[in-house]
Amino acid sequence: MGETQPAASAKGASIEEKQYLLRFNADTQSHLHVMDTEVCLTSCPDKICTVFCPAEVYKWEEVRMHVGYEGCHECGSCRIGCPHQNIKWVYPKGGHGIVFRLG
């Protein structure tokens, strides 16, 4: 009889593979807000939020920060990682946000 291979365990999966286990129930309004886009433009040459966010929610587009809140993992790293405290992070409204599945 043929043997079947076990499914890849989530424990040994890469971060990208683990992110596929996440589902989102996005609200129509963002729970993430860049307080002053001028700070990003003039005072933050490295745009560090585009690096430390594991969900890659923050993207710098020419002269402004685009916030793709729909894919937020709600880890709160942006709340503490912005060196200018320029990101306001609040929990999404009840029933919205990330939905975890075990794989």
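Leaving aside neighbours within four places in sequence, which residues is Phe-52 in contact with? In this predicted model, the answer is Ser-77, Cys-78, Gly-81 and Cys-82, where contact means heavy atoms within 4.5 Å. Residues are numbered from 1 along each chain as its sequence is written, and side-chain values use heavy atoms, with hydrogens and water left out. Since the model is predicted, local features need pLDDT of at least 70 and side-chain atom pairs count only at pLDDT 80 or more, while totals for chains, interfaces and linings use all residues.

**Overall layout**

- The chain has 4 helices and 6 strands, taken as DSSP runs numbered from the N terminus (helices are H or I with at least four residues, strands are E with at least two).
- Read from the N terminus, the order is α-β-β-α-α-β-β-α-β-β.
- Of the 103 residues in the chain, 29% are buried (buried is under 20% relative accessible area, exposed is over 50%, partly exposed is in between, with a 1.4 Å probe and protein chains only).
- Take the contacts with a separation of 6 or more: 63% of them link residues 24 or more positions apart.
- Accessible surface for the chain is about 7500 Å², and carbon and sulfur atoms hold 53% of that (Shrake-Rupley method, 1.4 Å probe; for residues, only the protein chains shown count as cover).

**Confidence**

- Mean pLDDT for the chain is 79, with 69% of residues at 70 or more; pLDDT is the predictor's confidence in each residue, from 0 to 100.
- Residues 1–8 stay under 50 in pLDDT, and the model gives them 0 contacts beyond four places in sequence.
- Where pLDDT is low, the predicted coordinates should not be read in detail.

**Phe-52**

- Phe-52 sits in helix 3, which covers residues 49–52, and is partly exposed at 23% relative accessibility.
- One of its contacts is Gly-81: the two are 29 residues apart in sequence, yet their C-alpha atoms are 7.4 Å apart in space.

**Asn-86**

- Asn-86 lies in the loop between helix 4 (77–81) and strand 5 (87–89).
- With 5% relative accessibility, Asn-86 is buried.
- Its side chain gets to 2.8 Å from the backbone oxygen of Asp-36, and Asp-36 is also among its contacts beyond four places in sequence.
- The rest of that contact list is His-33, Val-34, Met-35, Val-39 and Cys-40.

**Salt bridges**

- There are 2 salt bridges, each needing a side-chain nitrogen of Lys or Arg within 4 Å of a carboxyl oxygen of Asp or Glu.
- Glu-56 pairs with Lys-59, with the closest N and O atoms 3.7 Å apart; Glu-56 is exposed at 51%, and Lys-59 is partly exposed at 39%.
- Glu-61 pairs with Arg-64, with the closest N and O atoms 3.6 Å apart; Glu-61 is partly exposed at 38%, and so is Arg-64 at 42%.

**Cysteines**

- A disulfide is a covalent bond between the sulfur atoms of two cysteines.
- Searching the whole structure turns up 0 disulfides, the criterion being a pair of cysteine sulfur atoms within 2.5 Å.
- Cys-49 is in no disulfide, and the nearest cysteine sulfur, in Cys-40, is 6.0 Å away; Cys-49 is buried, at 9% relative accessible area.
- Why is Cys-72 not bonded to Cys-78? Because their sulfurs are 6.1 Å apart, too far for a bond, even though Cys-78 has the closest cysteine sulfur to that of Cys-72.
- Cys-72 is buried too, with 8% relative accessibility.

How values were computed. Polar contact = N/O pair within 3.5 Å; in protein donor to acceptor, adjacent residues only side chain to side chain.
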